[in-house]
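Biologist: I'm new to this one and would like a close look at a single part, the run of paired strands and whatever sits around it. Could you walk me through it slowly?

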Amino acid sequence: MKKLAIVAVVVAAAIGGVSYANHALTQEVKVEVDRQLALMNQQMGMTASYEDISASVFGQSVEISNMVITGFDQQAVANIASIEVSGYETDKIAPRTELTIKNFTFSEHFLAQLPPDANNNLASASYDLHTLMNYDEKSGDSDIAFDLNANKIVALKFNLGLAKSTALMNASLALSKMQQELGAQQPTLEQQLQQQTIMMEALSELEPRSIEIALNNEGEFKALVEQALEKQGMTLEQMQQMVDMQLQQAPVSEELGEAIKNFTQGLGSLTVSASLPEGQTMTEINQQIFTLMGQPEELAEFINLKAKGE
């Protein structure tokens, strides 16, 4: 019994220590979040308030709940159920960073200000966003994933694989620090040119390895397309016929053309991916692509293009 009591005391002390550490970290993070939101207000004239914020020592994450974004007229523009950030570090690029935004919705006031020809179905949807970046500092490889979901309408996925991305990561970190030092001040022309130079030099070393883009119907995508076409005085059938005619003349591979045609017929999903040659920079690949323009099958083979539409 005494041993159990000792264990219980140790566990309680550990839990208490973690709780205190989480509380202390939350207070520290709150100061930084409030500073960033104040900066946004100065730069954009928009304010953001939130109901609660919490931080986790073990998870290296921060969660902000029930955020309201207010515009120039002091009226709500958008509401966000939660924002969760994990893995980000101020002085280096972390091996894994994530951002998750749940239930982003525009306010009724904002929707009422939209022009008559706006797509209200898309504007009034609830959005979820998830971004993930894995970075291997030793190899310089990185993988980036971007998922945007207009709930019950359409989902967009974008995946990108990169090699020799160390220079780009260091450049991003340097630019972030520079922006923090500037605060609310606008960069001078010299500083803007310096930022552009840093980024261009980093991009010149980058080697893209893989790209994948996917569009998926989440239920009401067809109705969204029909609504957009109706405002242009066109039916879905007319759009499908127009796409067929354009594909007959467009310089695209047979597989890509078939995928696009199937997608416009079924409006279910469209996936396009490419595996790019190793050991070639973005500039070198762009030069190869330029020389193969007008030769769609050769170009598709060069980038290992795959496409599927339903």
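How many bridges join strand β5 to strand β6, and do the two run parallel or antiparallel?

Modeller: Two quick notes before we dive in. This is a predicted model, so local features need pLDDT of at least 70 and side-chain atom pairs count only at pLDDT 80 or more, while totals for chains, interfaces and linings use all residues. Residues are numbered from 1 along each chain as its sequence is written, and side-chain values use heavy atoms, with hydrogens and water left out.

Now your strands. β5 (residues 127-135) and β6 (residues 142-150) run antiparallel, with 9 bridges joining them. Strands here are DSSP E runs of at least two residues, helices are H or I runs of at least four, and both are numbered from the N terminus; two strands pair if DSSP finds at least two bridges between them. To find your way across this pair, look for H130, whose bridge partner in β6 is D147. The chain gets from β5 to β6 through a hairpin with 6 residues in between, and in that turn G140 has a positive phi of about 85 degrees.

Keep following the chain and β6 pairs again. Its partner is β7, also in the antiparallel sense and over 9 bridges. Here A145 stands opposite N159 in β7. This hairpin has 3 residues between its strands, and K152 in the turn has a positive phi of about 70 degrees.

What about the side chains? In a regular strand they alternate between the two faces of the sheet. L148, L156, I211 and I213 make a nonpolar surface patch of about 260 Å². Such a patch gathers Val, Leu, Ile, Met, Phe, Trp and Tyr residues with over 30% relative accessible area and no salt bridge, joined within 5 Å; the areas come from the Shrake-Rupley method with a 1.4 Å probe. One of the four, I211, is found in strand β8 and counts as partly exposed (buried means under 20% relative accessible area, exposed over 50%, partly exposed in between).

β8 brings in some charge as well. Its E207 forms a salt bridge with K164, the closest N and O atoms being 3.4 Å apart; the term means a side-chain nitrogen of Lys or Arg within 4 Å of a carboxyl oxygen of Asp or Glu. E207 lies in β8 (residues 207-217) and K164 in the loop between β7 (154-163) and α4 (166-182), so the pair ties together parts that are 43 residues apart in sequence. At 4% relative accessibility, E207 counts as buried. R209 joins in too, linked with K164 and E207 in a network of salt bridges. The structure holds 5 salt bridges, including one between R96 and E98 (3.5 Å, N to O).

One last stop is F221. Not counting residues up to four places away in sequence, F221 touches I153, V154, L215, F263 and L267 (contact means heavy atoms within 4.5 Å). F221 and V225 have the most contacts inside the largest nonpolar core, which has 27 residues. Such a core is a set of buried Ala, Val, Leu, Ile, Met, Phe, Trp, Tyr and Cys residues joined through side-chain atoms within 4.5 Å. The elements giving two or more residues to this core are α6 (221-231), α7 (236-249), α8 (254-266), β9 (269-275) and α10 (296-302).

Definitions and conventions: Buried < 20%, exposed > 50% of the residue type's maximum accessible area, 1.4 Å probe, protein only. Patch = residues over 30% accessible without salt bridge, like charges linked within 9 Å, V, L, I, M, F, W, Y side chains within 5 Å.
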